[in-house]
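Me: Could you walk me through this model and show how each label is earned? I'd like the value set beside the rule every time.

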Amino acid sequence: MLTLSIITPSYNHGRFIEQTILSVVNQDYPKIEYLVIDGGSTDETVEILRRYSSRITYWVSEPDEGHRYALKKGFDRATGEIVAWQNADDYYEPWVFGKVMRIFHRHPEIDLVYGNIRLVDEHSREIDVLKFVPLTRSRLALFDGLPFQNHAAFFRRRLWDAIGGIRFVDYNFDTDLIYRAARIANARFIPRILGNYRAHLGSQYFSGAYRAIEVSHDTIRQRYLGSWKRLPRWTYPVLSAAARARRFGYYVIQGDWDYLLRRVTRRLERKRSPFLRL
């Protein structure tokens, strides 16, 4: 039986982390290695970690250099054939791990499994749903925003190692990692909600604290275009339009008309709300 390693980086998210922990340890898969890497929280986080210590494989609370470093520490220690991470303010849906791990067991060629995400507020109330589409291994995937996100993504360790895992290239390291994986992954998409992404002002993303040091998606994309870098820049909007058309075509085939309408509405609202900038 394959081992699934889940890493949770944490810092002063005591009001959310219990829900994160329970979403991992109460899953329907028996062979879970769960590691929580806390950066020396001063709130109730450590008390909660002690409370669940018998159900957490490994946890530590000590000062570190931030989110990326905590994740790398966790992944370096993880031993599972399948790896994933869920931040301390986000959480998985119930009955997810069993479905994901059955795919990995039955299809050894698959090295990435991912699904949709629910965006929730600080009280776990739904704000929106983020739907993805099956991944194309073409570089076209790099022109349609993020093709998946960590909140609902599981990596076979060989893929994780092949793409180099966490790199300290810039603040939005996760975008860099996702683009690296999208180019080579043999992926399986599950068209259902697997994880929940919490929008709250204590989050670096939704508070806007990251914006002064964020690197644009276009800059990161340029790193992985390979021979496509030689294309004239005027072709990029065309490729982006083609990628969006592919995505919308998938939604149409699935009959997701309500979702398409919501996306148009949300696009118009994004400038007015920090919680919709996705």
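Reply: Happy to! Helices (H or I, at least four residues) and strands (E, at least two) are DSSP runs, numbered from the N terminus. Residues are numbered from 1 along each chain as its sequence is written. The model is predicted, with local features needing pLDDT of at least 70 and side-chain atom pairs pLDDT 80 or more, while totals for chains, interfaces and linings use all residues, and side-chain values use heavy atoms, without hydrogens or water.

Me: Where does Ser-124 sit, and why is it called buried, exposed or partly exposed?

Reply: Ser-124 is in the loop between E6 and E7. Buried means under 20% relative accessible area, exposed over 50%, and partly exposed in between (1.4 Å probe, protein chains only). Ser-124 has 27%, so it is partly exposed.

Me: What makes the phi of Ser-124 worth a second look?

Reply: Its phi is positive, about 65 degrees, although Ser-124 is not a glycine. Most residues other than glycine have a negative phi. Trp-95 is another such case, with a positive phi near 60 degrees. Trp-95 is in the loop between E5 and H4, and its relative accessibility of 58% makes it exposed.

Me: What does the side chain of Asp-121 reach, and how do you know that it is a polar contact?

Reply: The side chain of Asp-121 reaches the backbone nitrogen of His-123 at 2.8 Å. A polar contact is a pair of N or O atoms within 3.5 Å; within protein one must be able to donate a hydrogen and the other to accept it, and residues adjacent in sequence count only if both atoms are side-chain atoms. At 2.8 Å, the pair is within that limit, so the label holds. Asp-121 lies in the loop between strand E6 (112-120) and strand E7 (126-130), and it is buried at 15% relative accessible area.

Me: Why is the pair Glu-93 and Arg-118 called a salt bridge?

Reply: The term asks for a side-chain nitrogen of Lys or Arg within 4 Å of a carboxyl oxygen of Asp or Glu. Glu-93 and Arg-118 have N to O at 2.9 Å, so they qualify. Glu-93 is in the loop between strand E5 (91-92) and H4, and Arg-118 is in strand E6, so the bridge ties together parts that are 25 residues apart in sequence. Glu-93 is buried at 18% relative accessibility, and Arg-118 is buried at 18% too.

Me: How many salt bridges are there, and which parts does the one between Asp-256 and Lys-131 link?

Reply: The structure holds 14 salt bridges. Asp-256 and Lys-131 meet at 3.2 Å, N to O. This pair joins the loop between helix H9 (235-254) and helix H10 (257-269), where Asp-256 sits, to the loop between E7 and strand E8 (153-156), where Lys-131 sits, 125 residues apart. Asp-256, at 17%, is buried, whereas Lys-131, at 22%, is partly exposed.

Me: What makes Asp-176 and Arg-223 a salt bridge, and is each partner buried or partly exposed?

Reply: Their closest N and O atoms are 2.7 Å apart, so the limit is met. Asp-176 is in helix H6 (residues 173-184) and Arg-223 is in the loop between helix H8 (217-222) and H9, 47 residues apart. Asp-176 has 0% relative accessible area and is buried; Arg-223, with 32%, is partly exposed. Elsewhere, Glu-18, Glu-47 and Arg-51 are linked in a network of salt bridges.

Me: How do you know that Ser-23 is buried or exposed, and what does sequence distance say about its spacing from Pro-94?

Reply: Ser-23 has 9% relative accessibility, so it counts as buried. Ser-23 belongs to helix H1 (residues 14-25), and its C-alpha is 6.7 Å from that of Pro-94, although the two are 71 residues apart in sequence. Set beside that Val-36 in strand E2 (residues 32-38), whose C-alpha is separated by 29 Å from that of Glu-109, 73 residues apart along the chain. Val-36 is buried, with 0% relative accessible area.
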